[in-house]
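Here are some notes to read alongside the structure. Keep the 3D view open and follow the points in order.

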Amino acid sequence: LRSCSPGRARRTNASRRASLVARFGDIYAQERLDAEALLRTYISDTEMVQRIIYIAAVESFHAAKMAYRQFKIRVRETLSVGHSGPESLEDTVLDYIVRHEDLYDVQASVNEVIRSMNINPKISFPPEIDFIVISTLIRELCRVAFLMQTLAPPLDIAFGTDGELFSETKYHRSFQSDFTAALVVYHVWPALMENDVVIMKGEAVTKR
(Lines give C-alpha, C1' and ligand atoms only; values in the text may rest on other atoms or scores of the structure.)
Protein backbone atom coordinates (compact mmCIF):
# COMPACT_ATOMS: atom_id res chain seq x y z
CA LEU A 1 0.00 0.00 0.00
CA ARG A 2 1.12 3.55 -0.72
CA SER A 3 1.22 6.11 2.06
CA CYS A 4 -1.99 8.03 2.76
CA SER A 5 -2.69 11.63 3.74
CA PRO A 6 -4.95 11.77 6.85
CA GLY A 7 -7.86 14.17 6.61
CA ARG A 8 -7.42 14.85 2.92
CA ALA A 9 -10.88 13.64 1.91
CA ARG A 10 -12.79 15.82 4.36
CA ARG A 11 -10.55 18.86 3.77
CA THR A 12 -11.09 18.73 0.03
CA ASN A 13 -14.75 17.63 0.00
CA ALA A 14 -16.22 20.98 -1.10
CA SER A 15 -13.72 21.57 -3.90
CA ARG A 16 -13.97 17.99 -5.15
CA ARG A 17 -17.76 18.21 -5.12
CA ALA A 18 -17.74 21.42 -7.17
CA SER A 19 -15.28 19.89 -9.64
CA LEU A 20 -17.28 16.67 -10.06
CA VAL A 21 -20.61 18.47 -10.50
CA ALA A 22 -19.00 20.67 -13.17
CA ARG A 23 -17.49 17.61 -14.85
CA PHE A 24 -20.88 15.86 -14.93
CA GLY A 25 -22.28 18.96 -16.64
CA ASP A 26 -19.41 18.93 -19.14
CA ILE A 27 -20.08 15.27 -19.99
CA TYR A 28 -23.73 16.14 -20.66
CA ALA A 29 -22.69 19.06 -22.89
CA GLN A 30 -19.82 17.41 -24.75
CA GLU A 31 -19.24 13.64 -24.48
CA ARG A 32 -22.97 12.93 -24.60
CA LEU A 33 -23.36 14.86 -27.84
CA ASP A 34 -20.25 13.25 -29.31
CA ALA A 35 -21.69 9.82 -28.48
CA GLU A 36 -25.05 10.81 -29.96
CA ALA A 37 -23.41 11.93 -33.21
CA LEU A 38 -21.45 8.68 -33.37
CA LEU A 39 -24.51 6.52 -32.77
CA ARG A 40 -26.46 8.37 -35.46
CA THR A 41 -24.03 7.01 -38.06
CA TYR A 42 -25.40 3.53 -37.22
CA ILE A 43 -28.96 4.21 -36.01
CA SER A 44 -31.44 6.60 -37.61
CA ASP A 45 -33.98 6.38 -34.78
CA THR A 46 -33.42 9.39 -32.49
CA GLU A 47 -35.35 7.84 -29.61
CA MET A 48 -33.22 4.69 -29.69
CA VAL A 49 -30.00 6.72 -29.79
CA GLN A 50 -31.07 8.76 -26.77
CA ARG A 51 -32.30 5.71 -24.88
CA ILE A 52 -28.92 4.03 -25.42
CA ILE A 53 -27.07 7.02 -23.98
CA TYR A 54 -29.39 7.32 -20.99
CA ILE A 55 -29.06 3.63 -20.17
CA ALA A 56 -25.28 3.92 -20.57
CA ALA A 57 -25.34 6.67 -17.93
CA VAL A 58 -27.53 4.67 -15.54
CA GLU A 59 -25.46 1.50 -15.94
CA SER A 60 -22.21 3.47 -15.52
CA PHE A 61 -23.32 4.79 -12.14
CA HIS A 62 -24.46 1.32 -11.10
CA ALA A 63 -21.17 -0.32 -12.10
CA ALA A 64 -19.05 2.43 -10.53
CA LYS A 65 -20.94 2.30 -7.22
CA MET A 66 -20.51 -1.48 -7.08
CA ALA A 67 -16.80 -1.13 -7.85
CA TYR A 68 -16.44 1.55 -5.17
CA ARG A 69 -18.05 -0.64 -2.51
CA GLN A 70 -15.76 -3.56 -3.36
CA PHE A 71 -12.69 -1.33 -3.52
CA LYS A 72 -13.53 0.24 -0.15
CA ILE A 73 -13.92 -3.18 1.48
CA ARG A 74 -10.47 -4.25 0.22
CA VAL A 75 -8.82 -1.02 1.41
CA ARG A 76 -10.52 -1.25 4.83
CA GLU A 77 -9.40 -4.85 5.31
CA THR A 78 -5.81 -3.94 4.45
CA LEU A 79 -5.58 -0.74 6.50
CA SER A 80 -7.37 -2.14 9.55
CA VAL A 81 -4.40 -4.41 10.30
CA GLY A 82 -2.05 -1.56 11.19
CA HIS A 83 -4.49 1.24 11.96
CA SER A 84 -3.91 3.10 15.24
CA GLY A 85 -5.37 6.58 14.66
CA PRO A 86 -5.65 9.45 15.44
CA GLU A 87 -8.18 9.49 12.55
CA SER A 88 -10.96 6.92 12.45
CA LEU A 89 -10.46 3.90 10.24
CA GLU A 90 -13.27 5.12 7.96
CA ASP A 91 -11.56 8.50 7.48
CA THR A 92 -8.24 6.80 6.79
CA VAL A 93 -9.87 4.49 4.23
CA LEU A 94 -11.56 7.43 2.49
CA ASP A 95 -8.34 9.43 2.43
CA TYR A 96 -6.54 6.53 0.82
CA ILE A 97 -9.17 6.10 -1.89
CA VAL A 98 -9.22 9.82 -2.70
CA ARG A 99 -5.44 9.97 -2.92
CA HIS A 100 -5.16 6.81 -5.00
CA GLU A 101 -8.19 7.07 -7.27
CA ASP A 102 -5.97 5.84 -10.12
CA LEU A 103 -6.16 2.35 -8.60
CA TYR A 104 -9.83 2.14 -9.64
CA ASP A 105 -10.09 -0.38 -12.47
CA VAL A 106 -12.32 1.75 -14.67
CA GLN A 107 -11.96 -0.61 -17.64
CA ALA A 108 -13.58 -3.42 -15.64
CA SER A 109 -16.56 -1.12 -15.01
CA VAL A 110 -16.74 -0.18 -18.70
CA ASN A 111 -16.82 -3.87 -19.60
CA GLU A 112 -19.58 -4.47 -17.02
CA VAL A 113 -21.66 -1.59 -18.42
CA ILE A 114 -21.38 -2.91 -21.97
CA ARG A 115 -22.37 -6.43 -20.80
CA SER A 116 -25.44 -5.01 -19.08
CA MET A 117 -26.39 -2.95 -22.11
CA ASN A 118 -26.12 -5.98 -24.39
CA ILE A 119 -28.91 -7.73 -22.48
CA ASN A 120 -31.12 -4.68 -21.87
CA PRO A 121 -34.49 -5.30 -23.61
CA LYS A 122 -35.19 -1.57 -24.10
CA ILE A 123 -32.30 -0.96 -26.48
CA SER A 124 -30.93 -2.62 -29.58
CA PHE A 125 -27.97 -2.15 -31.86
CA PRO A 126 -27.08 -3.36 -35.36
CA PRO A 127 -25.46 -6.78 -34.85
CA GLU A 128 -22.28 -5.78 -36.68
CA ILE A 129 -21.64 -2.94 -34.20
CA ASP A 130 -20.84 -3.06 -30.48
CA PHE A 131 -21.69 -0.65 -27.67
CA ILE A 132 -17.94 -0.26 -27.24
CA VAL A 133 -18.17 2.56 -29.81
CA ILE A 134 -19.39 4.82 -26.97
CA SER A 135 -16.82 3.57 -24.46
CA THR A 136 -15.32 7.08 -24.11
CA LEU A 137 -18.63 8.34 -22.70
CA ILE A 138 -19.02 5.27 -20.48
CA ARG A 139 -15.46 5.57 -19.16
CA GLU A 140 -15.89 9.23 -18.20
CA LEU A 141 -19.23 8.53 -16.53
CA CYS A 142 -17.78 5.61 -14.54
CA ARG A 143 -14.83 7.69 -13.38
CA VAL A 144 -17.02 10.59 -12.26
CA ALA A 145 -19.57 8.28 -10.61
CA PHE A 146 -16.81 6.46 -8.70
CA LEU A 147 -15.33 9.71 -7.38
CA MET A 148 -18.79 11.00 -6.43
CA GLN A 149 -18.98 8.10 -3.95
CA THR A 150 -16.02 9.58 -2.04
CA LEU A 151 -17.99 12.75 -1.24
CA ALA A 152 -19.85 13.36 2.02
CA PRO A 153 -22.69 12.97 1.23
CA PRO A 154 -22.14 11.00 -2.00
CA LEU A 155 -23.82 12.10 -5.22
CA ASP A 156 -26.05 9.84 -7.30
CA ILE A 157 -28.48 10.02 -10.20
CA ALA A 158 -32.26 10.02 -9.98
CA PHE A 159 -34.15 6.82 -10.69
CA GLY A 160 -36.35 7.30 -13.75
CA THR A 161 -39.01 5.10 -15.34
CA ASP A 162 -40.86 5.39 -18.63
CA GLY A 163 -44.36 6.69 -18.09
CA GLU A 164 -43.60 8.51 -14.84
CA LEU A 165 -45.12 11.91 -14.14
CA PHE A 166 -42.87 14.66 -15.52
CA SER A 167 -41.12 16.62 -12.76
CA GLU A 168 -40.13 20.24 -13.43
CA THR A 169 -37.66 20.06 -10.56
CA LYS A 170 -35.86 17.00 -11.96
CA TYR A 171 -35.88 17.48 -15.73
CA HIS A 172 -35.79 19.84 -18.65
CA ARG A 173 -38.08 18.86 -21.52
CA SER A 174 -36.30 17.91 -24.75
CA PHE A 175 -37.15 20.07 -27.76
CA GLN A 176 -39.05 17.19 -29.40
CA SER A 177 -41.42 16.98 -26.42
CA ASP A 178 -45.10 17.81 -26.33
CA PHE A 179 -44.83 20.61 -23.77
CA THR A 180 -48.41 20.09 -22.58
CA ALA A 181 -47.93 16.36 -21.91
CA ALA A 182 -47.70 15.22 -18.29
CA LEU A 183 -45.91 11.88 -18.74
CA VAL A 184 -42.31 11.02 -19.58
CA VAL A 185 -42.04 8.80 -22.66
CA TYR A 186 -38.31 8.26 -22.16
CA HIS A 187 -35.30 9.90 -20.52
CA VAL A 188 -32.40 11.53 -22.32
CA TRP A 189 -30.13 12.27 -19.33
CA PRO A 190 -30.45 11.58 -15.58
CA ALA A 191 -30.80 14.25 -12.91
CA LEU A 192 -27.94 14.52 -10.41
CA MET A 193 -28.99 14.15 -6.78
CA GLU A 194 -27.61 14.82 -3.32
CA ASN A 195 -29.61 13.37 -0.41
CA ASP A 196 -32.72 13.22 -2.64
CA VAL A 197 -32.32 16.89 -3.62
CA VAL A 198 -31.80 17.72 -7.31
CA ILE A 199 -28.57 19.64 -7.85
CA MET A 200 -28.51 19.34 -11.64
CA LYS A 201 -31.56 18.70 -13.83
CA GLY A 202 -31.67 15.88 -16.32
CA GLU A 203 -33.53 15.82 -19.61
CA ALA A 204 -36.67 13.92 -20.63
CA VAL A 205 -39.10 13.63 -23.51
CA THR A 206 -42.82 14.07 -22.81
CA LYS A 207 -45.56 13.12 -25.24
CA ARG A 208 -49.24 12.29 -25.13
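**Notes on the sheet and its helices**

1. Start with the sheet. Bear in mind that you are looking at a predicted model. Three strands make up an open sheet, in the order S2-S6-S3, and the pairing is mixed. The edge strands are S2 (171-173) and S3 (184-189), each of which pairs on one side only. On average, neighbouring strands in this sheet are turned by 35° against each other, if you ignore direction.

2. Now look at how S2 meets S6. In general, strands of a sheet pair through backbone hydrogen bonds, and the pairing can be parallel or antiparallel. S2 and S6 (residues 202-206) go for the parallel sense, with 3 bridges. To find the spot on screen, pick Tyr171: opposite this residue stands Gly202 in S6.

3. What packs on the sheet? Helix H2 does, and the strands it touches are S3 and S6. The direction of H2 makes about 100° with that of S3. Helix H3 (residues 46-80) also lies across S3 and S6, but H3 runs at about 60° to S3.

4. Let's check the length of H2, which covers residues 13-40. With 28 residues at 1.5 Å a residue, H2 should span 40 Å, counting one step less than the number of residues. The C-alpha atoms at its ends are 38 Å apart, so the two values agree. Where does H2 bend? Look at Ile27: the helix bends there by about 40°.

5. Ile27 is also one of the buried residues of H2. Others on that list include Leu20, Val21, Phe24 and Leu39, and you will also find Arg16, Glu31, Arg32 and Glu36 there.

6. Is Ser19 of H2 buried, exposed or partly exposed? Its relative accessibility is 45%, and buried means under 20% while exposed means over 50%, so Ser19 counts as partly exposed. Try finding Val144 as well: Ser19 and Val144 are 125 residues apart along the chain, yet their C-alpha atoms are separated by 9.8 Å.

7. Finish with the hairpin formed by S4 and S5, which has 2 residues between the strands. S4 (residues 192-194) and S5 (residues 197-200) run antiparallel and are joined by 3 bridges. One pairing to look for is Leu192 with its bridge partner in S5, Met200. In the turn, Asn195 has a positive phi of about 50°.

Note on methods. Residues are numbered from 1 along each chain as its sequence is written. This is a predicted model: local features need pLDDT of at least 70, side-chain atom pairs count only at pLDDT 80 or more; totals for chains, interfaces and linings use all residues. Side-chain values use heavy atoms; hydrogens and water are left out. Helices (H or I, at least four residues) and strands (E, at least two) are DSSP runs, numbered from the N terminus. Buried means under 20% relative accessible area, exposed over 50%, partly exposed in between (1.4 Å probe, protein chains only). The bend at a residue is the angle between axes fitted to the seven residues ending there and the seven starting there. Two strands pair if DSSP finds at least two bridges between them. Axes are lines fitted to C-alpha atoms, for helices over the stretch in contact, and angles run from 0 to 180 degrees between N-to-C directions. Contact means heavy atoms within 4.5 Å.
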